[in-house]
Amino acid sequence: QLVESGGGLVQAGGSLRLSCAASGRTFSRYTISWFRQAPGREREFVAAINWSSGNTYYRYSMKGRFTISRDNAKNTVDLQMNSLKPEDTAVYYCAASGVVGSPSQDSYDYWGQGTQVTVSS
C-alpha cells in the first residue's frame, strides 16, 4: 500500500513537503511517482524516482521548484514543493510502477488515496 501525507493549505510562494509511505511489499525494484489532479482536469505526471538507482524524472514545468527524494530507512518517497502557485492546487497521488521513469498512468499498478494541496493567492 501507498499512503500520502503532508498536504494542506498554503499561501502562494510557500512550501509543502508531501510524503508517500510504502508498506506491505518491497518497492525496491519500482519507480515511485507523484501525479496530481486539479478540479476539472486530467491527472498529470509530476515527478518520479527509481527506488534502486535514485534516478529522478520531472515534468518539465516542475523542475526547479519540486524535488523528489527517497528515504530508504523510512521507506518513504517525498516531494518537496517550493514557490507554490495557485495553479499547483490539486489532489496529489503517489503511485508505483515496474516501468523505469514512466510518466504514463497506465504503467502504474499501485496508487495511494491522494492528499489535497491548496495554494491560495
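**Figure 1. Asn-75 is partly exposed, with a relative accessible area of 24%.** This close-up, like those that follow, is taken from a predicted model. Asn-75 sits in the loop that links S7 and S8. Its phi is near 60 degrees. That value is positive, and Asn-75 is a residue other than glycine. Asn-75 counts as partly exposed because its 24% falls between the 20% limit for buried and the 50% limit for exposed.

**Figure 2. Ser-83 is a residue with positive phi in the loop between S8 and S9.** The phi of Ser-83 is about 50 degrees, although Ser-83 is not a glycine. The loop that holds Ser-83 runs between S8 and S9. Relative accessibility at Ser-83 is 42%, so the residue counts as partly exposed.

**Figure 3. The chain is built from eleven strands and zero helices.** Read from the N terminus, the order of elements is β-β-β-β-β-β-β-β-β-β-β. The radius of gyration is 13 Å, and the globule rule gives 14 Å for 121 residues. The two values are close, so the chain is as compact as a globular protein of that length. The C-alpha atoms fill a box of roughly 40 × 30 × 25 Å along the principal axes. Of the 121 residues, 45% are buried. Among contacts between residues at least 6 apart in sequence, 56% join residues at least 24 apart.

**Figure 4. The largest nonpolar core has 28 residues.** Those with the most contacts inside this core are Ile-32, Trp-34, Leu-79, Met-81 and Tyr-92. Seven strands appear in the list of elements that give two or more residues to the core: S3 (16–22), S4 (31–37), S5 (44–50), S7 (66–71), S8 (76–81), S9 (90–97) and S11 (115–120). A second, separate core has five residues. Phe-45, Ala-48, Ala-95 and Tyr-108 are among them.

**Figure 5. Ile-32 is in contact with residues from many parts of the sequence, including Cys-20 and Ala-96.** Neighbours within four places in sequence are left aside here. The contacts of Ile-32 then include Phe-27, Ala-47, Ala-48, Ile-49 and Trp-51. Ile-68, Val-77 and Ala-95 are also in contact with Ile-32. Ile-32 is one of the residues with the most contacts inside the largest core.

**Figure 6. Ile-49 is a buried residue of strand S5.** Its relative accessible area is 2%, so Ile-49 is buried, the limit being under 20%. Residues up to four places away in sequence are not counted among its contacts. Ile-49 touches Tyr-30, Thr-31 and Ile-32. It also touches Gly-54, Asn-55 and Thr-56. Further partners of Ile-49 are Ile-68, Ser-69, Arg-70 and Val-77. Ser-33 lies 16 residues from Ile-49 along the chain, and their C-alpha atoms are separated by 6.3 Å.

**Figure 7. Gln-37 is a partly exposed residue of strand S4.** The relative accessible area of Gln-37 is 30%. Gln-37 touches Glu-42 and Arg-43, with residues up to four places away in sequence not counted. Ala-90, Val-91 and Tyr-93 are touched by Gln-37 as well. Gln-37 and Ser-97 are 60 residues apart in sequence, and their C-alpha atoms are 18 Å apart.

**Figure 8. The chain exposes about 6,200 Å².** Carbon and sulfur atoms supply 46% of this area. The chain carries 12 positive and 9 negative charges. The mean positions of the two sets are 5 Å apart.

Definitions and conventions
Residues numbered from 1 in each chain as written. Predicted model: local features only at pLDDT ≥ 70, side-chain atom pairs only at ≥ 80, totals over all residues. Heavy atoms only, no water. Core = buried A, V, L, I, M, F, W, Y, C linked by side-chain atoms within 4.5 Å. Buried < 20%, exposed > 50% of the residue type's maximum accessible area, 1.4 Å probe, protein only. Helix = DSSP H or I, 4+ residues; strand = E, 2+ residues; numbered from the N terminus. Contact = heavy atoms within 4.5 Å. Rg over C-alpha atoms; globule rule 2.2 N^0.38 Å. Areas by Shrake-Rupley, 256 points an atom, 1.4 Å probe, with all protein chains shown as cover. Lys, Arg positive; Asp, Glu negative; His and termini not counted. Charge placed at Lys NZ, Arg CZ, Asp CG, Glu CD.
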